[in-house]
Amino acid sequence: MNHTVLIAAIGLLSTTTVFAQTVSAPLIVVEDRGGDSALPYYQSLNPQPDQATPPAPMPALRAGNAADAEAAMLPVRSKQLSPGEVQRRVIRAPGLTALFLIGDDERSRAWLRQRQAALRELQAVGLVVNVESMAALTALRRLAPGLILSPASGDDLAQRLGLRHYPVLITSTGVDQ
């Protein structure tokens, strides 16, 4: 048993030594075909401040709250999604947190009212994929206190899951309306 441990330790030591030598070895240029310098492309980025010209003034950062940041994201429009019927289907997405997609329309509002208890139980997060204003988003939030509703485009998710309509609930095991 000790013999096996000794051999393993020697092998590990030699591997570590070889790895350390290869990591610290200088790079070798195998081939340089010359060509045009890439410097003009980098100069337009102005990585080094030019001593002759003073730096451009930076715009003052506006310290705002989360509501201001959220309002700046509006309106949200998801071009690939619209209100409509969603066929129930099974998916396999282990570890996916339950989420739902709604919009600012009557169908979504009715769906949200009917399912808010189940959505809370699932701790589902809501994405409002079509909403014009902060007032409309606030009205949706009033319909379902205790649920997280965030404005976000749903186009990427719609493409990945083959969705065309909302409202929809997406869990790790299925897509359902």
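**Asking how we know**

Guide: P83 lies in strand β1, residues 82-83. This is a predicted model, where local features need pLDDT of at least 70 and side-chain atom pairs count only at pLDDT 80 or more, while totals for chains, interfaces and linings use all residues. Residues are numbered from 1 along each chain as its sequence is written, and side-chain values use heavy atoms, with hydrogens and water left out.

Visitor: What makes residues 82-83 a strand?

Guide: Strands are DSSP runs of E with at least two residues, and helices are runs of H or I with at least four, both numbered from the N terminus. β1 covers residues 82-83, so this run meets the minimum for a strand. The protein has six helices and eight strands.

Visitor: Is P83 called buried, partly exposed or exposed, and why?

Guide: Buried means under 20% relative accessible area, exposed means over 50%, and partly exposed lies in between (1.4 Å probe, protein chains only). P83 has 38% relative accessibility, so P83 counts as partly exposed.

Visitor: Which residues is P83 in contact with, and how do you know?

Guide: Contact means heavy atoms within 4.5 Å. Leaving aside neighbours within four places in sequence, P83 meets that test with D105, R107, H165 and Y166.

Visitor: Why is Q177 called buried?

Guide: The relative accessible area of Q177 is 15%. The cut-off is under 20%, so Q177 is buried. This residue is found in the segment after β8 (174-176). Beyond four places in sequence, Q177 touches eight residues by name: G84, E85, V86, R107, W111, R115, Y166 and P167.

Visitor: What makes the pair of Q177 and G84 a polar contact?

Guide: A polar contact is a pair of N or O atoms within 3.5 Å; within protein, one must be able to donate a hydrogen and the other to accept it, and residues adjacent in sequence count only if both atoms are side-chain atoms. The side chain of Q177 reaches the backbone oxygen of G84 at 2.8 Å. That distance is within the limit, so the pair passes on distance.

Visitor: Why is Q123 called exposed?

Guide: Q123 has 64% relative accessibility, so Q123 counts as exposed. Q123 lies in the loop between α4 and β4. Its phi is near 55°, a positive value in a residue other than glycine.

Visitor: What is the order of strands in the open sheet?

Guide: The six strands run β2-β8-β7-β3-β4-β5, with mixed pairing. Two strands pair if DSSP finds at least two bridges between them.

Visitor: Which strands stand at the edges, and what makes them edges?

Guide: They are β2 (89-90) and β5 (148-151). Each has a single partner strand, so one side of each is left without a neighbour in the sheet.

Visitor: How do you know that β4 and β5 pair?

Guide: Four bridges join β4, residues 125-130, to β5. At least two are needed, so the strands pair. They run parallel. L127 stands opposite S150, and V128 stands opposite P151.

Visitor: Which side chains of β5 are buried?

Guide: L149 and P151 are buried and point to one face. I148 and S150 point to the other face and are not buried.

Visitor: What makes a set of residues a nonpolar core?

Guide: The set holds buried Ala, Val, Leu, Ile, Met, Phe, Trp, Tyr and Cys residues joined through side-chain atoms within 4.5 Å. The largest one here has 18 residues, and F100, I102 and L112 are among those with the most contacts inside it. β3 (99-103), α4 (106-122) and α5 (134-143) each give two or more residues to this core. A second, separate core of 12 residues includes V86, I91, L99 and L101.

Visitor: Why are the buried residues of α5 said to be on the same side?

Guide: The buried residues of α5 are A136, L137 and L140. They cover an arc of only 100° around the axis, which puts them on the same side of α5. The arc is that of the directions from the helix axis to the C-beta atoms. On the other side of α5, A135 and R142 are exposed. The buried residues pack against α3 (66-72), β3, α4, β4 and β5.

Visitor: Where are the cis peptide bonds, and what are their omega values?

Guide: The bond from L74 to P75 is cis, with omega near 0°. P75 lies in the loop between α3 and β1. Another cis bond joins Y166 and P167, where omega is about 5°. P167 lies in the loop between β6 (165-166) and β7.
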